[in-house]
Amino acid sequence: MHQALRRWLAGATVGVSIVALSGCGTLFYPERKGQLSGDVDPVVAIANSVGLLFFIVPGVIAYAVDFSNGTIYLPSNSSASVDVHKLDDAMDVASLEKLLSDKAGQPVSLENELVMIEEVDSLDEALAMVRMSGVLDEERLSTM
């Protein structure tokens, strides 16, 4: 009985340490990476505080990871917007370039090596990718 309790406590300690060291917000909401500021998410803050209750160092590390990644903040209603277009298999590169050029108001070439096209599962994930891309960083940093 004593050996089983000891193993259970060791397993629980390792589990709590792994979660705390990796940063709870980073595990719970990876799509939030790259947020600069906002309101602190109470769920993430409480989960990080559990690390502080058990061990000081893992809790502090969890807070540091979440603040540095920006995953501790609630999603903001930023001015960034994403237009959603359903693309069918019949659309070719030229018609996609024309659609994007019309939306952007300037010529768009998908042959550029800097262009990255990805399919995302949600609008929040798309906005997080836009924030992490560095687009409009100069404007955001000048207002801080």
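How many residues apart are Tyr 63 and Phe 67 in helix 4? The two are 4 residues apart, so about one helical turn separates them. That pair is a good doorway into the structure, and the description returns to it below.

The model examined here is predicted, so local features need pLDDT of at least 70 and side-chain atom pairs count only at pLDDT 80 or more, while totals for chains, interfaces and linings use all residues. Residues are numbered from 1 along each chain as its sequence is written, and side-chain values use heavy atoms, with hydrogens and water left out.

The protein chain contains 7 helices and 0 strands, where helices (H or I, at least four residues) and strands (E, at least two) are DSSP runs numbered from the N terminus. Its pattern along the sequence reads α-α-α-α-α-α-α. Of its 144 residues, 20% count as buried; buried means under 20% relative accessible area, exposed means over 50%, and partly exposed lies in between (1.4 Å probe, protein chains only).

Helix 3 is a helpful place to begin a closer look. This helix has 13 residues and reaches 19 Å from its first C-alpha to its last, close to the 18 Å expected at 1.5 Å a residue; the expected span is 1.5 Å times one less than the number of residues. Its buried residues are Val 44, Ala 45, Asn 48 and Gly 51. These residues cover an arc of only 110 degrees around the axis, which puts them on the same side of helix 3; the arc is that of the directions from the helix axis to the C-beta atoms. On the face turned away from the buried side, helix 3 carries the exposed residues Ile 46, Leu 53 and Phe 54.

Ile 46, Leu 53 and Phe 54 appear again at the surface, where they join Val 50 and Phe 55 in a nonpolar patch of about 530 Å². Patches are made of residues with over 30% relative accessible area and no salt bridge, with like charges joined within 9 Å and nonpolar side chains (Val, Leu, Ile, Met, Phe, Trp, Tyr) within 5 Å. Accessible areas come from the Shrake-Rupley method with a 1.4 Å probe, and for residues only the protein chains shown count as cover. Phe 55 lies in the loop between helix 3 (42–54) and helix 4 (56–69), and is partly exposed, with a relative accessible area of 34%.

Helix 4 follows that loop. It has 14 residues and spans 20 Å from first C-alpha to last, close to the 20 Å expected at 1.5 Å a residue. Pro 58, Gly 59, Ala 62 and Asp 66 are its buried residues. They cover an arc of only 100 degrees around the axis, so they sit on the same side of helix 4. The face turned away from that buried side carries the exposed residues Ile 56, Val 57 and Ser 68. Just after helix 4, Gly 70 takes a positive phi of about 80 degrees. Thr 71, in the loop between helix 4 and helix 5, counts as buried at 0% relative accessibility. Thr 71 and Leu 27 are 44 residues apart in sequence, yet 8.9 Å apart in space, C-alpha to C-alpha.

A search of the whole structure finds 3 aromatic pairs. Rings of Phe, Tyr and Trp (its six-membered ring) pair if their centres lie within 6.5 Å; planes under 30 degrees apart count as stacked, over 60 as edge-to-face and the rest as tilted. Phe 28 and Tyr 29 form an edge-to-face pair, 6.3 Å centre to centre with 85 degrees between the planes. Phe 28 is partly exposed at 43% relative accessible area, and Tyr 29 is partly exposed at 23%. The rings of Tyr 63 and Phe 67 have centres 6.4 Å apart and planes at 25 degrees, so this pair is stacked. Together with Tyr 73, Tyr 63 and Phe 67 form one aromatic cluster.

The search for salt bridges (a side-chain nitrogen of Lys or Arg within 4 Å of a carboxyl oxygen of Asp or Glu) finds 1 in the whole structure. The side chains of Asp 102 and Lys 98 meet there, at 3.2 Å, N to O. Both residues lie in helix 5 (residues 93–104), 4 residues apart, about one turn of the helix. Asp 102 counts as exposed at 55% relative accessibility, as does Lys 98 at 53%.
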